[in-house]
Amino acid sequence: MFTPYEIIRKKRDGEALSKEEIEYFVKGYTSGGIPDYQVSSLLMSIFFTGMSDEELLHLTRAMMATGVIVDLSDIPGCKADKHSTGGVGDKISLILAPLAAACGLKVPMVSGRGLGHTGGTIDKLESIPGFRTKMSIEDYKKILKKVGLVMSAQSDDLVPADRKLYALRDVTATVESIPLITSSIMSKKLAEGIDTLVLDVKVGSGAFMKNIDDARALAQKMVQVGKLYGKKVAVYLTDMSQPLGREIGNWSEVVESIKVLRGESDVEDVIELTVVLAAEMIALCSGENISNASERVRNALKSGAGYEKFIEMVRAQGGDVSVVEDLSKYPKPKIVREIKASASGCVTSIDTFKIGVAAVKLGAGRLKVGDKVDPVVGITVLKKIGDKVSSGDVIAIVHANEENIVKPVTDEILSAYKFSDAKPGKQELVKERIA
Ligand code: URA
């Protein structure tokens with residue numbers, strides 16, 4: 001018989017855990033038999049001492065086994081998904097999933113909530129009034145079949161272990177761990193019923209992997225696990241040294257995504273990355289060359305077919321389509337405050353971690369398990385790396401509902417920006433592709 005204490009001690013001291021010990025912990029936590037404090041302790045031990053490949057596989061399997069592995073073989077077409085390791089302002093999934101579906105792929109997407117300083121697709125989608133992210137497997141399949149895409153949270157049926165572990169990691173500073181990120185992402189992706197997977201591994205100050213070597217190591221682990229399950233996986237290492245797009249926040253990121261899908265926005269980085277990743281999804285499924293696939297994605301964007309798919313998905317998942325169609329109907333934050341540059345020069349760097357933390361403090365993320373996120377708070381980033389700024393120019397806008405948080409958040413955002421007389425080199429959005 002195991003005890004949590006013995007297993008935590010073993011991992012704390014850097015010993016490898018057996019398959020049975022890992023299963024005991026994962027099952028015990030999911031069923032409520034092992035409390036948060038012991039699991040937090042094990043997570044922190046894993047954070048510091050890591051896991052072997054064998055342990056990682058046992059952990060991923062044990063997490064998947066807490067729910068069902070969805071069988072989508074009765075739904076025709078290639079089932080393709082994309083997952084990001086997490087970033088600030090990363091709303092790519094909201095745009096990419098409907099575009100990929102408009103191009104004929106079936107996109108079953110199980111996503112997460114905010115994690116640490118990064119935002120989460122599920123919190124963003126839930127800012128749409130009425131939008132349901134929890135559903136039965138039957139409804140998940142029905143929506144996928146009908147619409148061509150479904151965007152779901154983890155549930156009692158779908159990797160419940162990740163739902164609980166993810167929420168705990170969010171508030172215990174145990175996110176930036178290669179085995180914990182790999183098992184979290186791959187357990188969801190392998191359970192949701194996909195044939196192919198595109199992974200967007202973020203690198204930079206706003207990512208969990210701050211340097212390219214760590215990002216490569218994470219990418220390789222995820223590819224390894226995917227291959228063991230016979231999935232076609234491609235990984236892109238992409239830049240997260242500054243926020244993606246302009247908006248950081250739940251509803252504001254939905255709005256930015258809707259505007260991209262309607263052709264009303266010029267956020268180049270968001271559009272470029274969406275096209276690259278969606279084209280890879282098509283190429284992995286059909287073998288089509290990337291340039292044809294990119295053209296198809298761009299056409300789906302231009303023609304409005306992606307926007308139509310988004311609307312169809314919102315309707316199918318219970319969301320209020322009238323708010324999506326008329327964005328002015330949505331409630332506004334009480335406070336909108338401009339942040340002005342106190343120096344002149346070119347923006348040379350943005351500490352994107354600080355910006356993400358500032359958004360969490362505004363209420364866009366959680367400080368403890370079970371906190372409610374505020375859909376309307378957030379940050380608009382007006383100046384990005386390479387932009388010229390004069391003292392007094394507005395570099396960002398804070399959207400808040402509480403006055404007392406505005407000053408500390410403003411100070412944090414200002415301290416995140418660095419200026420210099422020299423223009424920095426261009427940031428490569430896509431750094432590497434690993435297959
Ligand atoms: N996305 C996930 O689903 N899990 C992680 O741990 C990080 C990003």
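What is the accessible surface of the protein, and what share of it belongs to carbon and sulfur atoms? The accessible surface comes to about 16,900 Å², and 52% of it belongs to carbon and sulfur atoms; areas are obtained by the Shrake-Rupley method with a 1.4 Å probe, and for residues only the protein chains shown count as cover. The model is predicted: local features need pLDDT of at least 70, side-chain atom pairs count only at pLDDT 80 or more, and totals for chains, interfaces and linings use all residues. Residues are numbered from 1 along each chain as its sequence is written, and side-chain values use heavy atoms, with hydrogens and water left out.

Consider the overall dimensions. The C-alpha trace spans about 65 × 50 × 40 Å along its principal axes. A compact globule of 435 residues would have a radius of gyration near 22 Å, and the 21 Å of the protein agrees with this; the radius is taken over C-alpha atoms, and the globule rule is 2.2 Å times the number of residues to the power 0.38. Of the 435 residues, 58% count as buried, meaning under 20% relative accessible area (1.4 Å probe, protein chains only). Among contacts (heavy atoms within 4.5 Å) with a separation of 6 or more, 78% are accounted for by residues 24 or more positions apart.

The protein contains 17 helices and 13 strands, which are DSSP runs numbered from the N terminus (helices H or I, at least four residues; strands E, at least two). One open sheet is formed by three strands in the order S10-S8-S12, with antiparallel pairing. Its edge strands, S10 (388-389) and S12 (417-420), each pair on one side only; pairing requires at least two DSSP bridges between two strands. Strand S8 (residues 345-350) is joined to S12 by four bridges, and Ile350 stands opposite Tyr417 in S12.

Two helices illustrate burial. Helix H5 (residues 92-102) is largely enclosed by the rest of the structure, because ten of its eleven residues are buried. Among these are Ile92, Leu96, Pro98 and Ala101. After H5 comes Gly104, with a positive phi near 100°.

Helix H10 (residues 212-228) includes Ala219, a buried residue with a relative accessible area of 0%. Leaving aside neighbours within four places in sequence, Ala219 is in contact with Val201, Val235, Leu237 and Ile434. Ala219 and Asp200 are 19 residues apart in sequence, and their C-alpha atoms are 8.7 Å apart in space.

Note on methods
Buried < 20%, exposed > 50% of the residue type's maximum accessible area, 1.4 Å probe, protein only.
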